[in-house]
Amino acid sequence: MNMLKTTMLLAALTALFMALGFTIGGTGGAMIALVVAAGMNLFTFWNADSIVLRMHGAREVDAQNCPEFVGLVAGLARRANLPMPRVYIIDSEHPNAFATGRNPENAAVAATTGLLAILNRDEIEGVMAHELAHVRNRDTLIMTMTATIAGAISMLANFGMFFGAGRRDGGQVLATILAVFVAPFAAMIVQMAISRAREYGADRGGAEISGKPQALASALAKLANGAARIPNPVVERNPAAAALYIVPGMKRGGDSLFATHPATENRIAHLEAIANEMGVPSPSPNFAALSERRGSISSVPRTRRRSSALDPNGRG
């Protein structure tokens, strides 16, 4: 059912792309948009991992140059009955992580140095288990494809604004103006609907793989706090990429229709319920607030911040 819903939402994105093409260029524009959308989907299917990793300037690490982090991922992959994914580090203060790849056999997981510097080992394990759950659920391809098409709709809308503005036909101009505003807005809603639904599923999968739902909840609180404070240059250049991360790549609030992720407090409550199902003692009622204070980046000068045991740069 979840796959059917996702397929329908992806089809809706493609339809939006075609509708915008029709508004700008008539039947010919719609056909060109269909061909472009099909080409993007095919290209993204085969190159999803390299697209995202190159976008972030990620560098691959192995058991020789980053033994603890790679070993942690390897252990989680065995528990999840998954092939060992490629492991990447992103040199960025922004604390976040993501998974990518068209299938489990061609998957990659990545974490920023900012994430590795503020989380303890159990929390890092919870985060990477969450990313492996995305791989196991085959979310990574869909999320990358929706981000690609949503970004293309926005670019086509910008083109349409200039293209339509020169038309003398008032009705055509009005239709074009409506399209360039409505289409990106609708694309954003579809993309976010896909992302929010899948984050809850990956949280559950991550808790099951790691066996540490509380550690994942603590990590989410710290990461959400840090990600809201430290800019993410990738998302600033391409807002559609925000849906790829474990927490939003930019500051935002509330669990609304316009959010790329469920509200962190709701995800923590969901993980608390999972902990009860698993027989793990529930954290205290003020767990989220305590986790956020302990994970606050701004409260400790960066030169004095204690580094994680898995921080490849060993920053102190």
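Select strand β3 (residues 97–100) together with β4, and you will find the two paired in the antiparallel sense over 4 bridges; strands here are DSSP runs of E with at least two residues, helices are runs of H or I with at least four residues, both numbered from the N terminus, and two strands pair if DSSP finds at least two bridges between them. Within this pairing, alanine 99 stands opposite valine 109 of β4.

The model is a predicted one, in which local features need pLDDT of at least 70 and side-chain atom pairs count only at pLDDT 80 or more, while totals for chains, interfaces and linings use all residues. Residues are numbered from 1 along each chain as its sequence is written, and side-chain values use heavy atoms, with hydrogens and water left out.

Next, add strand β2 (residues 86–90), which pairs with β4 in the parallel sense over 5 bridges, and pick out isoleucine 90, whose bridge partner in β4 is threonine 112.

Now keep β4 (residues 108–112) alone: 5 of its 5 residues are buried, that is, under 20% relative accessible area, with exposed being over 50% and partly exposed in between (1.4 Å probe, protein chains only). Ala108, Ala110 and Thr112 are buried on one side, and Val109 and Ala111 on the other, so that both faces are covered.

Move on to helix α4 (residues 121–136), where 13 of the 16 residues are buried, so the helix is largely enclosed by the rest of the structure. At its N-terminal end, select asparagine 120, which caps α4 with a side-chain oxygen 3.1 Å from the backbone nitrogen of aspartate 122. Finally, after α4, select arginine 138, whose phi is positive, near 60°.

Conventions:
A polar contact is a pair of N or O atoms within 3.5 Å; within protein, one must be able to donate a hydrogen and the other to accept it, and residues adjacent in sequence count only if both atoms are side-chain atoms.
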